[in-house]
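User: Could you walk me through this structure step by step? I am new to this, so please explain how you get to each answer.

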Protein chains: 6
Amino acid sequence: MAELPVDVDEMVVRALREDLGAAGDVTSVAVVAPGSTCRAHVEAREDGVVSGLPVMERVFLAVDPSLEVGILHEDGAALASGAVLARVSGSARSILTAERTALNFLTHLSGIASLTRRFVDACAGTESVVLCTRKTLPGLRSLERYAVECGGARLHRFGLFDGVLIKDNHVALAGGVGQAVRLARRNAPHTLRVEVEVESIDQLEEALAKGDAILLDNAELDTVKRAVDLVGDRIPLEVSGGVTLERIGEIAGAGRLLISVGRITHSAPALDIALEIE
Amino acid sequence: MAELPVDVDEMVVRALREDLGAAGDVTSVAVVAPGSTCRAHVEAREDGVVSGLPVMERVFLAVDPSLEVGILHEDGAALASGAVLARVSGSARSILTAERTALNFLTHLSGIASLTRRFVDACAGTESVVLCTRKTLPGLRSLERYAVECGGARLHRFGLFDGVLIKDNHVALAGGVGQAVRLARRNAPHTLRVEVEVESIDQLEEALAKGDAILLDNAELDTVKRAVDLVGDRIPLEVSGGVTLERIGEIAGAGRLLISVGRITHSAPALDIALEIE
Amino acid sequence: MAELPVDVDEMVVRALREDLGAAGDVTSVAVVAPGSTCRAHVEAREDGVVSGLPVMERVFLAVDPSLEVGILHEDGAALASGAVLARVSGSARSILTAERTALNFLTHLSGIASLTRRFVDACAGTESVVLCTRKTLPGLRSLERYAVECGGARLHRFGLFDGVLIKDNHVALAGGVGQAVRLARRNAPHTLRVEVEVESIDQLEEALAKGDAILLDNAELDTVKRAVDLVGDRIPLEVSGGVTLERIGEIAGAGRLLISVGRITHSAPALDIALEIE
Amino acid sequence: MAELPVDVDEMVVRALREDLGAAGDVTSVAVVAPGSTCRAHVEAREDGVVSGLPVMERVFLAVDPSLEVGILHEDGAALASGAVLARVSGSARSILTAERTALNFLTHLSGIASLTRRFVDACAGTESVVLCTRKTLPGLRSLERYAVECGGARLHRFGLFDGVLIKDNHVALAGGVGQAVRLARRNAPHTLRVEVEVESIDQLEEALAKGDAILLDNAELDTVKRAVDLVGDRIPLEVSGGVTLERIGEIAGAGRLLISVGRITHSAPALDIALEIE
Amino acid sequence: MAELPVDVDEMVVRALREDLGAAGDVTSVAVVAPGSTCRAHVEAREDGVVSGLPVMERVFLAVDPSLEVGILHEDGAALASGAVLARVSGSARSILTAERTALNFLTHLSGIASLTRRFVDACAGTESVVLCTRKTLPGLRSLERYAVECGGARLHRFGLFDGVLIKDNHVALAGGVGQAVRLARRNAPHTLRVEVEVESIDQLEEALAKGDAILLDNAELDTVKRAVDLVGDRIPLEVSGGVTLERIGEIAGAGRLLISVGRITHSAPALDIALEIE
Amino acid sequence: MAELPVDVDEMVVRALREDLGAAGDVTSVAVVAPGSTCRAHVEAREDGVVSGLPVMERVFLAVDPSLEVGILHEDGAALASGAVLARVSGSARSILTAERTALNFLTHLSGIASLTRRFVDACAGTESVVLCTRKTLPGLRSLERYAVECGGARLHRFGLFDGVLIKDNHVALAGGVGQAVRLARRNAPHTLRVEVEVESIDQLEEALAKGDAILLDNAELDTVKRAVDLVGDRIPLEVSGGVTLERIGEIAGAGRLLISVGRITHSAPALDIALEIE
């Protein structure tokens, strides 16, 4: 469903260069005969949502286009520990050389997808949806957003360029919400909504009169509920700040919200996945 | 103490491009007057070990060389929530544009340093040291290793090119430990130690006779202790596999070990750090 | 007012490489002594709006950081033939080497700014504004948008990534305007408006009920006027298609419109500007 | 006949990155189902000379190698409005994503070829030929030269590296035509002709005695005719400066001239070409 | 046997760009019809060891993937003058364009392999082996190491990153051999041996007690022999400095040595190899 | 006199990356304290002509801009063994890290300059000059040409793009010398001379009637003399093929010749130069 980002091959090449340097896999070249072949499978070692199998495949093929890689599940599938995710066969040297880089992508992206899914599941039965943020690891944003989509959450703006988000500092520097929104409408492309960040109901009322969307940051549940009442379906209402797995359920139940969660990208532990040579 | 990696500026540029695209920070450009200035400080929101302050500085300066950045602590310092880590002043547009990218580096690296420090502290009073692994996030390895050093752990090989590590699959494909080590000695540079991975005492005894270092993977504590007795100070003995904060203390107490821990790089949650505009 | 794009230095380097190759300016190196200096000025040879003086400066400085470049007018200024735009002094070799590349940027961008200004002036006294499009020359978009701003027009989305524009083909493939907008709202970031392209009043009425903005393409003046009546101030109304200097005045007078014009970027003739060595 | 430049794929990738950013075509991804297919054709909307069809094809294939692109005319063909230039079929998403970038190349290059052809046709029946100059748009020179060849004109030097052209400033700095030519012969590769720019018959006579080619800049028709008489077939005689479509015929009739024209590259309006989805 | 380096294609592209620039092979494009084909063979003009045939093949295929290249010998083979190394057929333009770049790789690498083989042969019958050094030509190290392997010698560390080599200056700055080795063991990865450079037997004795390998630099034969006696098989013993073809035999006979030789990479004359079009 | 090539900094960065990888100089970082400083000088160990001192300086400054580098001789100077070429002082780590890469440039370029000077000196008192060829080491051409100029020889065309050289194969494929020259004049820029390669006096006579320069390849001395008589001062006459130090004197004495010599770039041994830390 989610689309691999356009720069995935660059990331794969960069990661392989990082692991191989210019001198390459000295162990495998020294120890394994060039013609040796083997078969391997990639296996989940804990329950979770898989993401990154096509990235893993590209790593193997970037190392050696003659490897045969069979992917056995779709990204986004929830799998139990022990599930076999893929099979690889061909040159033993090539498989050993690619293994760690392939797994580094797969375990990281699956870790994000798995944590995301838990947040998404905690919103089940509500009208709210989970969004990612720009709190991603440097250089990995497009892939991490892909993993977020595999986990079932939705995308926020990619970067500073595809959304106008007026924060408190912008408001202060512009001289008020009204002036900030006016400047944004005049100077930013009309294709971008003007979203205004607020921290109180007073601020929200002003923003509601001027903006195209509202971000309510760091609010208590009561404030969220009042915000929902005030905004209704007029414009999108986003909430953020301190959204934990414990809290997200009750927030989500407060109305039709966009709930943005930083920790699904900046703090997701890797999912344990291993490659076994048979 | 630790040295910033040689490719840090490339990573900074890449991360800024990711967040800015070609269209830039549309909000700040639209809303904030070009000449506006402000002052901000960077503040820890939880206890931990800081890492990445010079990287953060490079982000700010890459966006705008006229910004003034004052770093108030050395990377590697343990700081309490509320500590002010740095001050930034200058163009308001520039500070707002750089903020998220700067924090994405700082919170990730400090997260790694903080978790690393916990593993290191758990080995206090023993002769063992903590090592990082190659289980790093793609494209960030050199910076993550820097953060590991800030946390007090030591470095393992950077990649496949600066160490010979003969794993079970290499042994199987070469036809035995002896033959694998022989090939490694003949074909790999003599500047690299030949380390052999083992999973049992039997394998260890063979490896001890042939190799320059031993990696004991996934062993019970008893096995680790027997390995320590057998190896003594003859060659380095590394252990790995399932090393949690709970377990590392007793492993470390078993002797003079190199304990390699994947989770300090692949699963460290971000440290909560924020930028406040004054 | 307009900001130079973040990738301007890359474009400058690319253009210089194009002109210099690896072998460099063989004439100047062969004929001009290394220490020779000279003074030059850059002069408009026809009336127009200047754009690109800071880019020109970067070209000179990229060739030789010791050159002194004095810029005498701000980008966006309307100047008469004969106006002196800048002065350059220093190494004669360096000035001769940089000359053509510097002028190629300056004459192209000033050509765009000048033509844009004519469209903008033709809307004077109306509530409508002129927008650029994605019909730019490959690899030069960010600079051409800068020139458009110098000319006094506003920016449309930069690319495919910072705006949702549902065209007739999207509608056909999605199965109707309603379904297309629904999919866009679910799958695209909420920070992007959903703009719908229409070619008739019937289509416009449906789009008005569903979308966040409307693009009326290739419409007669009467249709534009009816559209203005229907849309009012509810959402942005953009018109495009066949907008010439002759026609734009009456279109602009029809209401508060965003008028997007491809020819200001894809067909602007260069403004005649020359460098004179004194 | 003309050869696509060696860097065409780099330009294609750069242009696609410009339009897609890292976030891609958000509209098509959001609205069009991944498996949807369609057929389209590319059609001239005005008379002209086509150039860039293989570039357009590379754009489509760079977006999606599974697209089928059928090119129906050779670059350089003169076509009437309404002519179908190419057909494309395959993934609807891919075609919509590639459309604008593909057309931006095709309409620009065809614009250059069309204007060039008009200058070339105006020289029909004479012994003179039309040349392009270095007045090209930054980063597009190799493709623009290709388009010039499609239009029927010939190539001048590519850049500063593949020809020696001694201008008035070089002469002044070297201390006379004789000294400038002497230095050029000693210091530049003998594989390059030494061409000397002159503005009068007096200068021409000196240049004729020393150089390998002459560029007569900004001369009246009478001067051109006298120059032709003086130079004869001894060395190439190039004229430049203010060469319009109105004037080129009589210049061309004056003798066997190389007539270099800047406006065919720096001021050619785009040719109107559209992609229609069927 | 030797593996082509991972960056070979980058080197090929860089070399072709160097020779072709952006303007390409103007002679062949001007003079040879696009459809012309020819056959050629690559022939040794002097005796030697060939290296780089697969690199040569990549050059031809990078210029034109439709060329047919048949390689007739394996890299590392000793061949007599007159031997035909490869055959190429296909587009005449493409073959002429690729010829010089292809030969520049092949003659340089074969020159290295040939000189290396002479040093290796001079050690025949001894227990010593020849090593390359870091004295390689900038940007060509990985390929030159490949050629060294084709010549029969072994690899030293690739760069500063895959070996610890403590030289006299390191010792002086650290405050003694013992302290330098102690710091290296603490701060460098345990996967790297700590090699110590010495120039006398006294220094050697200290190094033997502390380090993992010894480099004896600039020593007389007698000193080498004493060093062999002292070191025995305990750790690797490398000798370097002024190792000529005349001297290497007697050095090699002194024991089991690693003999590193700079001149096989920094001073190997090209092997004379030509391409003949049939 | 000679100009450093425009891409020198790219080559420096590439060479440093090659030697440092991503992991850097592990020895110096491990063993030398960050604040340690030292002084060093660069010293010739054999007689020769120096070339590359400014390149060496750029290597040091690329590693550490705070190093102080004092260059004591101009490139092109003939120096005796023992001459001190430069002094460097500052961070000891930085100097040790840069040393090998700096010397690899300096010894290679000085090797070329030294061998070139011997060929140039062998022509002293004649009217002939020495030229380099395209037989350079891949990726190093622009710097090697710089070294050739330091040695006192002149430059031939840089690559395939800045000269037309019609070889026997071009003649055969075009259908005769006359037709090949005619095609070259029509299709290649008029800024390039058309040089024709010949191997006999018969061929030379035809080439003399058609071309702008002649390359006489692999000719005996008698043939060279007859060629000189025939060509006189009409067009440049180049000779090549088997030009050794032994033969070049008598060739050069035969007339006013351009003598191109491949071995000055493809087979020059490094000049022995060392860095000594004081």
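User: In chain A, what share of the contacts with a separation of 6 or more comes from residues 24 or more positions apart?
Analyst: Happy to help, and please keep in mind that this is a predicted model. A contact here means heavy atoms within 4.5 Å. Among the contacts in chain A with a separation of 6 or more, the share from residues 24 or more positions apart is 70%.

User: How many helices and strands does chain A have, and what percentage of its residues count as buried?
Analyst: Chain A contains 11 helices and 12 strands. Its C-alpha trace spans about 70 × 40 × 25 Å along the principal axes. A residue is called buried when its relative accessible area is under 20%. Of the 278 residues in chain A, the buried share is 64%.

User: Where around helix H3(A) do its buried residues lie?
Analyst: Let's list them: in H3 of chain A, residues 53-63, the buried ones are Leu53(A), Val55(A), Met56(A), Val59(A) and Phe60(A). They cover an arc of only 165° around the axis, so they lie on the same side of H3(A).

User: What kind of axis relates chain A and chain B?
Analyst: Chain A superposes on chain B by a rotation of 180° with 0.0 Å of shift along the axis, and the RMSD is 0.0 Å. The two copies are thus related as by a two-fold rotation axis.

User: How much area is buried between chain A and chain B?
Analyst: Start with the residues: 58 of chain A are in contact with 58 of chain B. Of the interface residues of chain A, 100% are also interface residues in chain B, so the copies meet through the same surface. Carbon and sulfur atoms give 63% of the area buried between the two chains, and that area is about 4,800 Å².

User: Which residue of chain B meets Arg141(A) in a salt bridge?
Analyst: Between chain A and chain B there are 4 salt bridges. In one of them, the N to O distance is 2.6 Å, and the side chain that meets Arg141(A) belongs to Asp19(B).

User: Which helix of chain C helps to cover the buried residues of H1(D)?
Analyst: H1(D) runs over residues 8-20 and reaches 18 Å from its first C-alpha to its last, close to the 18 Å expected. Its buried residues include Val8(D), Met11(D), Leu16(D) and Asp19(D). Their cover includes H3, H4 and H5 of chain D, and from chain C it includes helix H5 (141-151).

User: Which residue takes a positive phi just after H1(D)?
Analyst: Look just past the end of H1(D), where phi is about 55°. The residue there is Gly21(D).

Definitions and conventions:
Residues numbered from 1 in each chain as written. Chains lettered and ligands numbered in written order. Predicted model: local features only at pLDDT ≥ 70, side-chain atom pairs only at ≥ 80, totals over all residues. Heavy atoms only, no water. Helix = DSSP H or I, 4+ residues; strand = E, 2+ residues; numbered from the N terminus. Expected span 1.5 Å × (residues − 1). Buried < 20%, exposed > 50% of the residue type's maximum accessible area, 1.4 Å probe, protein only. Least-squares fit on C-alpha atoms with pLDDT ≥ 70 in both. Arc of directions from axis to C-beta. Buried area = accessible area lost by both parts, 1.4 Å probe.
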